[in-house]
Amino acid sequence: HTRSFHVTGVQTCALPIFRAKGRSFPPDPSYHLCTIGGMIANNAAGIHSVKYGGTVDHVAQVEFLTCDGMFHNSDEPDALSEQVKNFLQKHAELVKSDFPKVEKNSAGYHLDSALRPNGSADLARLFTGSEGSLGLITRCRLRTVPIPEATALALLYFRRMEDALEAALTLKLTGVAACELVDKVLLDLHEAAQKTPGNPRHAKKIVDNFFLKHFYELGSEAVLIVEFDGESPEKAKQSSRSAIAKVKNFFLECHEAEDQEQEKLISDLRRHTSPILNRLEDGKISIKPLWGVEDVSLPRETFLEYVREQKEIFLRFGLTCSFFGHAASCNLHIDPLAVDPRRARVDAELARLYDDVAKESYALVIRKGGSISGEHGDGLSRTPYLPLQYPKTYPLFRELKALFDPYGILNPGKIV
């Protein structure tokens, strides 16, 4: 049921033209912030990627300029695509042995999936997540899916975060359309914001929310926000109830959203998690966590033990950190509280703490077979750790970039 649309310019990914045709671009990241070009460069993903995949799964074609000003179309074979094809074929076995077996991976170039079954190079897939380091995209064709006829939303309360994670792993197998974890550390920020309305102010607050109040009444440690879609409200709700019944031994209570107002109140628990971390004073962000471990992706088999050991690392360094994100995809966002990484530019001790925690945490992720970035990409903070992620194939990233950008002028210092 996919359909393709050509996109140019910097339209936001809300793309009302899609909705007018009953279609959606399903990776579904932060609609109010993202542009199509940025999503492709970053391989962005959001809450519905657990069912529909990330941006990389929905870019059908790209048109782009390389550093020499030459125009290329990923659907039209040329000398460059032939070179890339030969490169990928030559190193296919090495790449296969060195890439993590995870659902979501935005670390490095997609060498592991850029070779089509017929042996040709999928340049659109290769460009997705390349962070502008291979070429400048001028036009693209995106795959879309039908907007679901109906959805059913539910909120599950858990005594322990580990129970929520185990439930998420089970829900993944049921066709869940979204399965989002929010822990007590984050919800405590909302609770504190209600009690201190003036100073410091927060980017977003949850106020007078029954579901947040009930979280504390139950003595919960985490919630899962679960969504199913279907051909009718009845079928969506049936799918939701059938799936939730499979994890009934893990949760304390389940609340099904009965109307749009309840859907909003439940969704706010997740929608405002990132903004609540950005404290505002006099209208300016004073704390914006940008921790190196904030986008890890793990295999199902090691997900739970990773979380346990990651907590131990934070405890050893005296950090209080929040865990939230796409639990059913084993992709978590992890942030320390009240630590401003910008101070690391002038505070040597904080800079050392940042580096030490990142090194230990990334070593743990890699040891557990995971990726240091599930959807946020590498940039300046993670590029130095890519040789650890890809000990055998990182040199191939340099070779690939040289095919597209021999002068090294396209977003230098990112990925390579």
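**Close-up views of side-chain pairs, cysteines and backbone features**

**Figure 1. Glutamate 162 is partly exposed, with a relative accessible area of 25%.** The view is taken from a predicted model. Glutamate 162 pairs with lysine 311 in a salt bridge whose closest N and O atoms are 3.0 Å apart. This contact joins distant parts of the chain, since glutamate 162 belongs to helix α7 (residues 161-172) and lysine 311 to helix α13 (residues 303-316), 149 residues apart. Lysine 311 has a relative accessibility of 31% and therefore counts as partly exposed. Side chains of opposite charge can pair when their charged atoms come close.

**Figure 2. A salt bridge connects arginine 139 with glutamate 63.** The closest N and O atoms of arginine 139 and glutamate 63 are 3.4 Å apart. The two residues come from distant parts of the chain: arginine 139 is in strand β5 (residues 136-146), glutamate 63 is in strand β3 (residues 59-65), and 76 residues separate them. Arginine 139 is partly exposed, at 30% relative accessibility. Glutamate 63, by contrast, has a relative accessibility of 11% and so counts as buried, the limit for that class being under 20%.

**Figure 3. Aspartate 122 and arginine 116 meet through their side chains in a salt bridge.** The N to O distance for aspartate 122 and arginine 116 is 3.7 Å. Here the acidic partner is the buried one, as aspartate 122 has 15% relative accessibility. Arginine 116 is partly exposed, with a relative accessible area of 28%.

**Figure 4. Lys264, Asp268 and Arg271 are joined in a network of salt bridges.** In this view, salt bridges link three residues, Lys264, Asp268 and Arg271, into one network. Over the structure as a whole, 21 salt bridges are found.

**Figure 5. Phenylalanine 314 and phenylalanine 323 form one of the 12 aromatic pairs in the structure.** Their ring centres are 6.2 Å apart and their planes stand at 65°, an edge-to-face arrangement. Both partners, phenylalanine 314 and phenylalanine 323, are buried.

**Figure 6. Another edge-to-face aromatic pair brings together tyrosine 390 and phenylalanine 397.** The ring centres of tyrosine 390 and phenylalanine 397 lie 5.2 Å apart, and the angle between the ring planes is 70°, which is why the pair is classed as edge-to-face. Tyrosine 390 is buried, with a relative accessible area of 0%. Phenylalanine 397 likewise counts as buried, at 0% relative accessibility. Tyrosine 390 and phenylalanine 397 also belong to an aromatic cluster that includes Phe99, Tyr109 and Tyr394.

**Figure 7. Cysteine 140 and cysteine 330 are shown in a structure that holds 0 disulfides.** The number of disulfides comes from a search of the whole structure. A disulfide is a covalent bond between the sulfur atoms of two cysteines. Cysteine 140 counts as buried because its relative accessibility is 3%. Cysteine 330 is buried as well, with a relative accessible area of 3%. In the chain, cysteine 330 occupies the loop between β14 (321-326) and β15 (331-336). The backbone of cysteine 330 has a phi near 60°, a positive value in a residue other than glycine.

**Figure 8. Asparagine 411 has a positive phi, near 45°.** Most residues other than glycine have a negative phi, and most peptide bonds are trans. Asparagine 411 is found in the segment after α17 (394-404). The relative accessible area of asparagine 411 is 31%, so the residue is partly exposed.

**Figure 9. Serine 130 is a buried loop residue, located between α6 (123-127) and β5.** The relative accessible area of serine 130 is 2%. A polar atom of the serine 130 side chain lies 2.6 Å from the backbone oxygen of phenylalanine 127. With neighbours within four places in sequence left aside, serine 130 is in contact with Ala41, Tyr109 and Ile415. Of these contact residues, Tyr109 is also a member of the aromatic cluster that includes Tyr390 and Phe397.

Definitions and conventions:
Residues numbered from 1 in each chain as written. Predicted model: local features only at pLDDT ≥ 70, side-chain atom pairs only at ≥ 80, totals over all residues. Heavy atoms only, no water. Salt bridge = Lys/Arg side-chain N within 4 Å of Asp/Glu carboxyl O. Helix = DSSP H or I, 4+ residues; strand = E, 2+ residues; numbered from the N terminus. Buried < 20%, exposed > 50% of the residue type's maximum accessible area, 1.4 Å probe, protein only. Phe/Tyr/Trp six-rings, centres within 6.5 Å; stacked < 30°, edge-to-face > 60°. Disulfide = S-S within 2.5 Å. Polar contact = N/O pair within 3.5 Å; in protein donor to acceptor, adjacent residues only side chain to side chain. Contact = heavy atoms within 4.5 Å.
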